[in-house]
Every structure is written in structure tokens, then in C-alpha cells.
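This report describes a single protein chain, beginning with its overall fold and ending with a surface feature. Please consult the sequence and the model shown below.

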Amino acid sequence: MKGNKLTGPILVTVLLCLWLLGQLGAILLLPGLPRPLRLGAVFPVLLAAVSIYNLRERINEIRSGEEHDLDDY
């Protein structure tokens, strides 16, 4: 049953990271892009890292059974 609950977050994270890597490639491969704008390539990398961290936390929540915390409020 837990495998079904993990499918959505994993799929969304993989798709988001692929999209962010595409953005990174577009930033780095554009010819004539000024150097300060190339530093903007850091943002897709950071967003992908945060997404993977968030996925790891979500997987830990699902495995520990803490997934229904909103029902307490």
C-alpha cells in the first residue's frame, strides 16, 4: 500500500528535476549570454536539490505513518 503513496511524489519530483535540467541546459547553451546571467544557472540546480530533499522527507513521513498530520488540525 505504501508503494502507491510513493508513486505520486516520486513521479512529480522526477518530472520537475527533468524540467529544471532542461532549463539549466538552456541557460548554459545559449550563445552570447552575458556572464552574470549564466550565474542564474545556479537556481535550477538549487531548486532540484530542494525538491529531492523534500521528496526524501516525504518518503520518511510515509514510511513512519505520519502522513495524516493535517487531520489533527
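What pattern does the protein chain follow when read along the sequence? The order is α-α-α, with 3 helices and 0 strands in the chain. The model is predicted, and its mean pLDDT is 85, with 85% of the residues reaching 70 or more.

Confidence varies between the helices. The two extremes are tabulated here.

| Helix | Residues | Mean pLDDT | Rank in confidence |
|---|---|---|---|
| Helix 2 | 35–38 | 80 | lowest |
| Helix 3 | 42–64 | 92 | highest |

The protein chain comprises 73 residues, of which 19% count as buried. Its accessible surface amounts to about 5800 Å², and carbon and sulfur atoms contribute 68% of that area. Among contacts with a separation of 6 or more, 51% involve residues 24 or more positions apart.

One surface feature deserves separate mention. Ile10, Leu11, Val14, Leu15, Leu18 and Leu21 make a nonpolar surface patch of about 550 Å². Of these residues, Leu11 is found in helix 1, which covers residues 2–29, and Leu18 is also located in helix 1.

Is Leu18 buried or exposed? Leu18 counts as exposed because its relative accessibility is 53%, and the exposed class begins over 50%. Leu18 can also be related to a residue elsewhere in the sequence: Ala48 is 30 residues away from Leu18 along the chain, while the C-alpha to C-alpha separation of the two is 8.8 Å in space.

Methods: Residues are numbered from 1 along each chain as its sequence is written. This is a predicted model: local features need pLDDT of at least 70, side-chain atom pairs count only at pLDDT 80 or more; totals for chains, interfaces and linings use all residues. Side-chain values use heavy atoms; hydrogens and water are left out. Helices (H or I, at least four residues) and strands (E, at least two) are DSSP runs, numbered from the N terminus. Buried means under 20% relative accessible area, exposed over 50%, partly exposed in between (1.4 Å probe, protein chains only). Contact means heavy atoms within 4.5 Å. Accessible areas come from the Shrake-Rupley method with a 1.4 Å probe; for residues, only the protein chains shown count as cover. pLDDT is the predictor's confidence in each residue, from 0 to 100. Patches are made of residues with over 30% relative accessible area and no salt bridge: like charges are joined within 9 Å, nonpolar side chains (Val, Leu, Ile, Met, Phe, Trp, Tyr) within 5 Å. A salt bridge is a side-chain nitrogen of Lys or Arg within 4 Å of a carboxyl oxygen of Asp or Glu.
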